[in-house]
Amino acid sequence: MKKVVMLLIIMFFLVTVMLLPTPVEQQDLYINAVSEKDPATKIQLLKQYEQLYGQKQDQYVKFIYIQLAETYFQLKNYQDTITYGEKALEWEEIPATNKLSVLSALANSYQATQKDLQKAYDYAQSMIELTHWVIDKAKNSELEKDKLDQFIDTFNKYYIGPGYRVQAMILYSRGKDNPTTIKEAAQKAVDAYTVDKSENSSRMAFSFANELFKLNRLEDAIEIAGKAIDEI
């Protein structure tokens, strides 16, 4: 009887192993998921991978979470962006460029939902600081000047400028009738315009200057407008 039981256990184990996806199948699923262009299909494949391998904590899972956060943010599904973005940040040694993308999605999602504005502000600050670190690394590399300038412009445009704008909007939402808070928000907008020279940043800076003017803070309004004009 014992021999029969042992034989059945061995047979069950062998059948189970044969049914499990092979490393090649796992890799194929990962490649298919991250390369999929259609957002809905991409999410389906990414979640399939998470369901099959998420508990194993293999090297690909953190990138699955990153991809899910980015895709949900693309679809303006901010709650799921937050869920998977914060799961991604639980992992150590995330490549800086991936981490910046996640921080950007989280800062904007928290700001859009008004769920936790302090978290939005803090994620934006982390994004700004990490971008400065990345830029400093690039400056100490052997990149040619034109490529380095393009690199810096790109990271300023996509991370530092937007980070300051998120912080500016949060500050403004905290004190729309407080001249001191509005001036802080305006300075953040000027900081954004200093690095990205975007219309969004300049419009925001002048809008806050106008708010200061309405509150009879003429000197502050002129100061902010002057700083923005100096950057043109």
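**Helices, buried faces and salt bridges**

D220 is buried, with a relative accessible area of just 10%; here buried means under 20% relative accessible area, exposed means over 50%, and partly exposed is in between (1.4 Å probe, protein chains only). The structure is a predicted model, so local features need pLDDT of at least 70 and side-chain atom pairs count only at pLDDT 80 or more, while totals for chains, interfaces and linings use all residues. Residues are numbered from 1 along each chain as its sequence is written, and side-chain values use heavy atoms, with hydrogens and water left out.

D220 also has a charged partner: it forms a salt bridge with R217, and the closest N and O atoms are 2.8 Å apart. A salt bridge here is a side-chain nitrogen of Lys or Arg within 4 Å of a carboxyl oxygen of Asp or Glu. R217 counts as partly exposed, at 31% relative accessibility. Salt bridges that share partners join K183, R217, D220, E223 and K227 into one network.

One of the links involves E223 and K183, whose side chains meet in a salt bridge (3.0 Å, N to O). This pair connects distant parts of the chain, since E223 sits in helix α11 and K183 in helix α9, 40 residues apart. Helices are DSSP runs (H or I, at least four residues), numbered from the N terminus. E223 is partly exposed at 32% relative accessible area, and K183 is partly exposed too, at 27%.

A search of the whole structure turns up eleven salt bridges. Among them is the one between the side chains of R165 and D196 (2.7 Å, N to O). R165 lies in helix α8 and D196 in helix α9, so the pair ties together parts that are 31 residues apart in sequence. R165 counts as buried at 16% relative accessibility, and D196 is buried at 14%.

Now back to α11. At 1.5 Å a residue, its 13 residues should span 18 Å, and its end C-alpha atoms are indeed 18 Å apart; the expected span is 1.5 Å times one less than the number of residues. The buried residues of α11 are D220, A221, I224, A225 and A228. They cover an arc of only 125° around the axis, which puts them on the same side of α11; the arc is that of the directions from the helix axis to the C-beta atoms. On the other side of α11, E219, I222 and D230 are exposed. The cover over the buried residues includes α9 (179-196) and α10 (199-214).

What comes after α11? I232 lies in the segment that follows this helix, and at 69% relative accessibility it counts as exposed.

Helix α2 (residues 23-35) also has 13 residues, and its end C-alpha atoms are 18 Å apart, which agrees with the expected 18 Å. Its buried residues are Q26, L29, Y30 and A33. They cover an arc of only 100° around the axis, which puts them on the same side of α2. What covers them includes α3 (39-53) and α4 (61-74).

Helix α6 (residues 96-113) has 18 residues and reaches 26 Å from its first C-alpha to its last, close to the 26 Å expected. Its buried residues include L100, V102, L103, L106 and Y110. The buried residues of α6 pack against α4, α5 (78-89), α7 (117-139) and α8 (145-174), where contact means heavy atoms within 4.5 Å. Just after α6, Q114 takes a positive phi of about 55°.

Notes: Helix = DSSP H or I, 4+ residues; strand = E, 2+ residues; numbered from the N terminus.
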